[in-house]
Amino acid sequence: MTGEQALAVRTTDAAIHTWDLARAVNAPEKLDPELIAWIEEHLAEICAGLAESPVSAGTTHRFFAAPGAPPVAGEARQARLLRLFGR
């Protein structure tokens, strides 16, 4: 894994957990739209080569919860990304 990919993985993880914490303490849950767009647009590259990935068809969901619901028409980017990570 390159340093660039490691940073992208950590950034993605921090963004998802920021939402988790916001939800836990009943704080505003809206994440930075530009960050969410960047993560969504690069998720395949961010997760490339990882043993577990929310974008891998063969994932066991050991590290990422399984998506809780099917996609919804017109779903916002943040909602789509969170659903992919099992939120």
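Two residues are in contact here when heavy atoms of theirs lie within 4.5 Å. The exercises below concern a predicted model.

**Exercise 1. Describe the surroundings of Gln-78, and decide whether the residue is buried or exposed.**

Step 1. Begin with the secondary structure, where Gln-78 belongs to helix H3, a helix that covers residues 77–84.

Step 2. Leave aside the neighbours within four places in sequence, and the contacts of Gln-78 are Trp-19, Glu-29, Lys-30, Leu-31 and Ile-36.

Step 3. Two of these partners are also reached through polar atoms: the side chain of Gln-78 comes to 2.8 Å from the backbone nitrogen of Leu-31, and to 2.9 Å from the backbone oxygen of Glu-29.

Step 4. The relative accessibility of Gln-78 is 18%, and therefore the residue counts as buried, since the class is defined as under 20% relative accessible area.

**Exercise 2. Work out where Thr-12 sits and which residues it touches beyond four places in sequence.**

Step 1. Thr-12 is part of helix H1, which runs over residues 3–24.

Step 2. Its side chain reaches the backbone oxygen of Ala-8 at a distance of 2.9 Å.

Step 3. When residues up to four places away are not counted, Thr-12 touches Ile-39, Leu-43, Ile-46 and Phe-85.

Step 4. With a relative accessibility of 4%, Thr-12 is classed as buried.

**Exercise 3. Characterise Arg-10, and then give the C-alpha separations of Arg-10 and of Gln-78 from Ile-46.**

Step 1. Arg-10 lies in helix H1, and it is exposed because its relative accessible area is 59%, where the class requires a value over 50%.

Step 2. Along the chain, Arg-10 and Ile-46 are 36 residues apart, while their C-alpha atoms are separated by 9.6 Å.

Step 3. For Gln-78 and Ile-46, the separation in sequence is 32 residues and the C-alpha to C-alpha distance is 17 Å.

**Exercise 4. Summarise the fold and the overall dimensions of the chain, and explain why its radius of gyration agrees with that of a compact globule.**

Step 1. The chain holds three helices and zero strands, so that, by the definition of helices and strands as DSSP runs, the pattern read along the sequence is α-α-α.

Step 2. A compact globule of 87 residues would have a radius of gyration near 12 Å, and the chain agrees with this because its own value is 13 Å.

Step 3. Taken along the principal axes, the C-alpha atoms fill a box of roughly 35 × 25 × 25 Å.

Step 4. Turning to contacts between residues at least 6 apart in sequence, 52% of them join residues at least 24 apart.

**Exercise 5. State how burial, exposed surface and charge are distributed over the chain.**

Step 1. Of the 87 residues in the chain, 29% are buried.

Step 2. The exposed area is about 5600 Å², and carbon and sulfur atoms supply 60% of it.

Step 3. The chain carries 8 positive and 11 negative side chains, with the centres of the two sets lying 5 Å apart.

Methods: Residues are numbered from 1 along each chain as its sequence is written. This is a predicted model: local features need pLDDT of at least 70, side-chain atom pairs count only at pLDDT 80 or more; totals for chains, interfaces and linings use all residues. Side-chain values use heavy atoms; hydrogens and water are left out. Helices (H or I, at least four residues) and strands (E, at least two) are DSSP runs, numbered from the N terminus. Buried means under 20% relative accessible area, exposed over 50%, partly exposed in between (1.4 Å probe, protein chains only). A polar contact is a pair of N or O atoms within 3.5 Å; within protein, one must be able to donate a hydrogen and the other to accept it, and residues adjacent in sequence count only if both atoms are side-chain atoms. The radius of gyration is taken over C-alpha atoms; the globule rule is 2.2 Å times the number of residues to the power 0.38. Accessible areas come from the Shrake-Rupley method with a 1.4 Å probe; for residues, only the protein chains shown count as cover. Lys and Arg count as positive and Asp and Glu as negative; His and the chain ends are not counted. The place of a charge is taken as NZ of Lys, CZ of Arg, CG of Asp or CD of Glu.
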